[in-house]
Amino acid sequence: MRKITAGLFVALDGVVEDPQDWHFPYFDDAMGAAVDAQLGAADTLLLGRRTYDSFAGAWPEREQAGGPDAVFAKKLGDARKIVVTRQDLDFTWRNSEVIDGDLIEAATALKNEPGGDIGISGSVSVVRQLLAVGLLDELHLLVHPIAVGKGERLFEDGAQTIPLRLLSSQTFETGVLHLVYTRDEAAPAGGYEDAKAHLSQSVR
């Protein structure tokens, strides 16, 4: 079965909106490698409408320009791109199509198709929906050491509780944390009575 992975730039206060306004000072070789391993390695991209519009407005020109980011731009261009939207779109970026039917049903079908990883970048609404139903295999968070103070956050107030299990962590020289999570179907339970046994018993 294919794996669905999602990558998000996140501020320390949970903001994921408009990362282009605050994350570029922290982008280094380590972050570039992390993005390439998660998104560049996928042969199918599942993108929300706003993320797709942003990508389609930038990456084809970058590929054509032949700059340092042209190789990554070509990877995105060559990948199959599936856009989550209820609108009919007139695509100009190659290998692009609109999702067929319900997101959850379509994502389930995609996972069962032959092929490599299915990558998501941004597309917060898509990430939330797939995570909630257990279809997201890996959530890659690139947590930046900055509090933005305003904007949409990854997890909304009032959303359901979703236990997560840490698969890996890495600290970049910029202070960015690369945290990879998956849903934890065997999350621990307990209350203060259980926790207090782990408090230090030393008296100073």
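This section describes the nonpolar cores, the first helix, the largest pocket and selected residues of a predicted model.

The largest nonpolar core comprises 28 residues, and those with the most contacts inside it are Leu 8, Leu 46, Ile 120, Leu 130, Leu 136 and Leu 139. Two or more residues each are contributed to this core by strand 1 (4–11), strand 3 (80–84), helix 5 (103–112), strand 5 (118–121), helix 6 (124–132) and strand 6 (138–144). Helix 6 supplies the largest share, five residues. With residues up to four places away in sequence left out, Leu 130 is in contact with Ile 4, Leu 46, Leu 103, Ile 104, Ala 107, Ile 120, Leu 135 and Leu 136. Another core, of 24 residues, lies apart from this one and includes Phe 9, Leu 45, Ala 79 and Val 176.

Helix 1 spans residues 29–40, twelve in number, yet its end C-alpha atoms are only 14 Å apart, short of the 16 Å that a straight helix would reach at 1.5 Å a residue. At the start of helix 1, a side-chain oxygen of Asp 28 comes to within 3.3 Å of the backbone nitrogen of Ala 30. Met 31, Ala 34, Val 35, Gln 38, Leu 39 and Gly 40 are the buried residues of this helix.

Helix 1 also gives the most to the lining of the largest pocket, with six residues. This pocket holds about 1,200 Å³ of space. It is lined by 42 residues, of which Pro 19, Thr 51, Ser 54, Phe 55 and Ser 121 are the closest to its centre. The elements that give two or more residues to the lining are strand 1, helix 1, helix 2 (49–56), helix 3 (59–65), helix 4 (70–78), strand 5, helix 6 and strand 6.

Within strand 6 is found His 144, which counts as buried because its relative accessibility is 0%. Beyond residues up to four places away in sequence, His 144 touches Phe 9, Val 10, Ala 11, Leu 12, Trp 22, His 23, Tyr 26, Met 31 and Val 176.

Two loop residues were examined for their backbone conformation. Most residues other than glycine have a negative phi. Asn 95, although not a glycine, has a positive phi of about 60°; this residue is placed in the loop between strand 3 and strand 4 (96–98). A positive phi, near 50°, is also found at Ser 123, in the loop between strand 5 and helix 6. Asn 95 is partly exposed, with a relative accessible area of 39%, whereas Ser 123 is buried, with a value of 7%.

Definitions and conventions. Residues are numbered from 1 along each chain as its sequence is written. This is a predicted model: local features need pLDDT of at least 70, side-chain atom pairs count only at pLDDT 80 or more; totals for chains, interfaces and linings use all residues. Side-chain values use heavy atoms; hydrogens and water are left out. A nonpolar core is a set of buried Ala, Val, Leu, Ile, Met, Phe, Trp, Tyr and Cys residues joined through side-chain atoms within 4.5 Å. Buried means under 20% relative accessible area, exposed over 50%, partly exposed in between (1.4 Å probe, protein chains only). Helices (H or I, at least four residues) and strands (E, at least two) are DSSP runs, numbered from the N terminus. Contact means heavy atoms within 4.5 Å. The expected span of a helix is 1.5 Å times one less than its number of residues. A polar contact is a pair of N or O atoms within 3.5 Å; within protein, one must be able to donate a hydrogen and the other to accept it, and residues adjacent in sequence count only if both atoms are side-chain atoms. On a 1 Å grid over the protein atoms alone, a cavity is a set of points where a 1.4 Å probe fits but cannot get out, and a pocket is an open set with protein on both sides within 12 Å along at least five of seven lines; lining residues have an atom within 4 Å of a point. Grid points are joined across faces, edges and corners, and a volume is the space filled by probe spheres set on the points.
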